[in-house]
Protein chains: 2
Amino acid sequence: MAQKLRIIPLGGLGEIGKNMTVYEYGRNMIVVDCGVMFPDSAMYGIDLVLPDYEYVIQNQDKLRGIVLTHGHMDHIAALPYLLREINVPVYGTPLTLGLVERQLKEKLGSHRKVDLKPISALNTLHLGPFRITPFSVAHSIPDSVGFVIDTPVGAVVHTGDYKLDETPAGGRTTDLAAIRELTPNGVLAMLGDSTNADRPGSTPTERVVSEALDRLMTEAQGQRVIIATFSSLLARVQEILYLAKKHGRKVALTGRSMIENVELARDLGYLDVPQGILVDVDAHIPPAQMLIISTGSQGEPRSALNQMAEDQHRHVKVGRGDMIIISGGTIPGNEEVVGAMLNKLFEHGARVIYGPMDTVHVSGHGSRDEMRTMLETVQPKFFIPAHGEARHLHLHGQIAEQTGMDPHDIFILKDGAQWVTDGTDAWTDEALAVDDVFVDGRLVGEIGEVVMRDRHRLAQDGFIVALIPVNDKQQLVGEPQIVSRGFVYMQDADALLAAGQEEVKRQYKKGKHNLRRALEDFFYRETRLRPVVLPQFITV
Amino acid sequence: MAQKLRIIPLGGLGEIGKNMTVYEYGRNMIVVDCGVMFPDSAMYGIDLVLPDYEYVIQNQDKLRGIVLTHGHMDHIAALPYLLREINVPVYGTPLTLGLVERQLKEKLGSHRKVDLKPISALNTLHLGPFRITPFSVAHSIPDSVGFVIDTPVGAVVHTGDYKLDETPAGGRTTDLAAIRELTPNGVLAMLGDSTNADRPGSTPTERVVSEALDRLMTEAQGQRVIIATFSSLLARVQEILYLAKKHGRKVALTGRSMIENVELARDLGYLDVPQGILVDVDAHIPPAQMLIISTGSQGEPRSALNQMAEDQHRHVKVGRGDMIIISGGTIPGNEEVVGAMLNKLFEHGARVIYGPMDTVHVSGHGSRDEMRTMLETVQPKFFIPAHGEARHLHLHGQIAEQTGMDPHDIFILKDGAQWVTDGTDAWTDEALAVDDVFVDGRLVGEIGEVVMRDRHRLAQDGFIVALIPVNDKQQLVGEPQIVSRGFVYMQDADALLAAGQEEVKRQYKKGKHNLRRALEDFFYRETRLRPVVLPQFITV
């Protein structure tokens, strides 16, 4: 009996982040990408979110390898966590593997050996029944690829993150011709990047950013220029290095990830650093001949740019003589912190260029017209919009319908879905139960919904612990005490808490079963707040 | 000796929200606007933020009246709080006063009488030495005005919120000609709306929104149409009513503020509701002939649209047959909740049009070119950018410089600043100490920084209360207990808390002074989390 191909997205469908997809055929399995997601504001105190890869661990005997599309954190940074639990070779382009190596070293230490195997565009990799051929894509980090995955039931195109920029900064365009050549018998299924499915038209080319930066550096004569961008946006860094040379400026880097990434990319030959252009950030160079490339475009508290805003950067003090350019889009959820950082930079007197003011950043993901072109190029029999929240997946599905696809051949899936095909038909089997896996401090997957709910309530109104001394007959013996934080802090808080103490005594006489509820009601009546209330009996 | 004019912004300079400005001349004072701000995400559990109007209360004997530019919450909604403390007449256009009346009734009850006095464009109001003449402005709520405030030392133009839309939905444009005519001797100072100072060009006219809605309603044949917008965006509601009539649809309203605002505006003659077009939301009308206007464009949890998304709306169940249009911009900070709501609407199968997809919303504030035009029209001697965060104020200041103003005549102020002029020169006196005033439940101004810091820590990592039974000699007598919420909740939490208990005993022997710190260190070592730790001694 013929086997079936099973595609199981473990992350990235229903969110932008933690991308991870299982391809399974009989006794063989590969995984594409293994990334993290950064927590949203409802995930109180959480550091990172991992995909729920329990299924991969359970089926590790089948696993032939993990292949990576590119080196962004949402595609690689869950690897150290997975590789604590299983051992499997990891395949990626050299820059991607360089970034993986650093993640592994940070999180696993240097003793742990992982089998990292380089791949390159158009060189086919054989893993069990899967023949995997990478093709180049234009994205905001060099050495990005998508995959044509040949399986016994047909070819699958896994686009990875891409845009169809014809003049990208790194020069590498998305190789649509290769996709066509690699799929002479057509494409059974495509998983396509949905990130910008709500943006009409095409994403502007990186060249418009270079032009804007060039123009701004011309205007900045006499001023120091500080450009904040993502440390992974190495193509942008390359452009900035060339522009610095053109404008006769030295370049200093600040921010740990910026320094490390530039070093890595330079060592691997992905970055052409003009001779003698790099200087230390505290070098004695006239401001007008200085350009600083910094981290912190998202306002991250400990980033270099935010330290400048807070006047806490060790070497850079910003002021009237500075032009500061935020060359990175604001990731949804970061608007407030970025805004606060910008305000402080303005207050220092700097000239600041950001977001809507000029084209100092473009997305690394294609927009609707590019998605349409990709779909028309690949012409898949089945289509699975990937890499997006529900709205992006649905909108991407609508584009596919507009290209003439039958709505029944378009599958809007969620993480854990089991999509199955025999090469002719496709359907979904019962979904795996998957959940966000929270990393909080040292704890992985141990913080769940209950703790989140408690933190949410604590964040709103704080807590009250009522300590109630009782004897072994459960009779009140002595004064109850009330301990509280995050609730109220005011002149008459003492009176309020004292009244609460009286309420405890009064309620206790009525029977302690409703004590929690009674106290909640009491404090709500008094303040209209709903702190977490914990009555605690102490047997004395 | 000649008196000086003193302008003191109590809110709105350094934030978008809680607008309130004091004009003081000798023994006379007026206040322009008295609004609230909605809390940002760092203001844990806070319901509203008020301007710090202590100065007004202290100087109430000088206060001649409060004049209002328009009826948005960030300009009127702090009035009920201020009017609990002082009694003063309030001046506004009829729609503004209608909205104020509702706020007062909700917050003060109907017994309290406030002296509300209607004003209208070009009719001058005399309050002490101030001659205040309202002029019409185009904004996203009808009946908006700015003021020319004539003072003994010169005329001040207080623009209020405005755009220079030549084809606004309500038909009322910003009356630049009036400003010129009202200031034959020139303008001493201008306070100008800075909201969109980072947006190049001009804000698109409301007409493009009407055109987009018209086009979408044509596409929606056979479908029910649901349009979510701000309940204060009455000009937009007017356009939607006309479009509904054109497309042969009945209109139902859902969401309390939408129903109330439409009623109010209709009663006051600001809304022309076509005969017989309004129906109840549960009326038996074929979906293809139904249009629902809803609240909830910001994803507010209890709003009508969010209830639909959550499948909890009493009368409206959304699905494949619906086109849902979000005709309201996302206020910074709301991106995540709006995104989550959109995802759910898509998952119900509805066609959803929002934000970047089409021009279904435009801002009510002018962009850079409009600010330039306003500055060139008014030609103030001194300029105070207002209504914005620091970055908007600075950018607005830069525009003024570009029009040829001397940088020394441009004042970037903060809340509490005392800007003083004698008609010739201008300077700032020592600023008043003002702060955000938090409304939390029933408490006003009593929740401060300490509580915020505690809530922040509680939100991150929860709390631990260690109950330590001691005798009157402070000796440990019995087992310590540990109570915790929002910290960990996992299989081996018991073991961790038990270990914490042992740590208490061990540390207690060393002397209890460092108990809190020792426990913090212990739990950090174990979990890399930093819960709030409270050791609590119980004398038994």
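Chain B has 65 residues in contact with 66 residues of chain A, where contact means heavy atoms within 4.5 Å. This is a predicted model, in which local features need pLDDT of at least 70 and side-chain atom pairs count only at pLDDT 80 or more, while totals for chains, interfaces and linings use all residues. Residues are numbered from 1 along each chain as its sequence is written, chains are lettered from A in the order in which they are written, and side-chain values use heavy atoms, with hydrogens and water left out.

**Relation of the two chains**

- Chain B is superposed on chain A, with an RMSD of 0.1 Å, by a rotation of 180° with 0.1 Å of shift along its axis, and that is the relation of a two-fold axis; the fit is by least squares on the C-alpha atoms of residues with pLDDT of at least 70 in both copies.
- Among the residues of chain B, Ala459(B) comes closest to the rotation axis, its C-alpha lying at 2.3 Å.
- Because 100% of the interface residues of chain B are also interface residues in chain A, the copies meet through the same surface.

**Area and composition of the interface**

- About 5800 Å² is buried between chain B and chain A, with carbon and sulfur atoms giving 60% of that area; buried area is the accessible area (1.4 Å probe) that two parts lose on being put together, summed over both.
- In chain B, the residues that lose the most area to chain A are Glu336(B), Arg391(B) and Arg442(B), which together account for 10% of what that side buries.

**Polar interactions and contributing elements**

- The two chains share 2 salt bridges, each being a side-chain nitrogen of Lys or Arg within 4 Å of a carboxyl oxygen of Asp or Glu.
- Lys414(B) forms a salt bridge with Glu347(A), and the closest N and O atoms of this pair are 3.9 Å apart.
- The largest share of the side of chain B that touches chain A comes from α13(B), which supplies 8 residues; helices (H or I, at least four residues) and strands (E, at least two) are DSSP runs, numbered from the N terminus.

**Helix α11 of chain B**

- Helix α11(B), residues 368-378, has buried residues that include Met371(B), Met374(B), Leu375(B) and Val378(B), together with Arg368(B) and Glu370(B), where buried means under 20% relative accessible area (1.4 Å probe, protein chains only).
- The buried residues of α11(B) pack against β11, α5, β12, β19 and α12 of chain B.
- Gln379(B), which follows α11(B), has a positive phi, near 45°.

Conventions. Buried means under 20% relative accessible area, exposed over 50%, partly exposed in between (1.4 Å probe, protein chains only).
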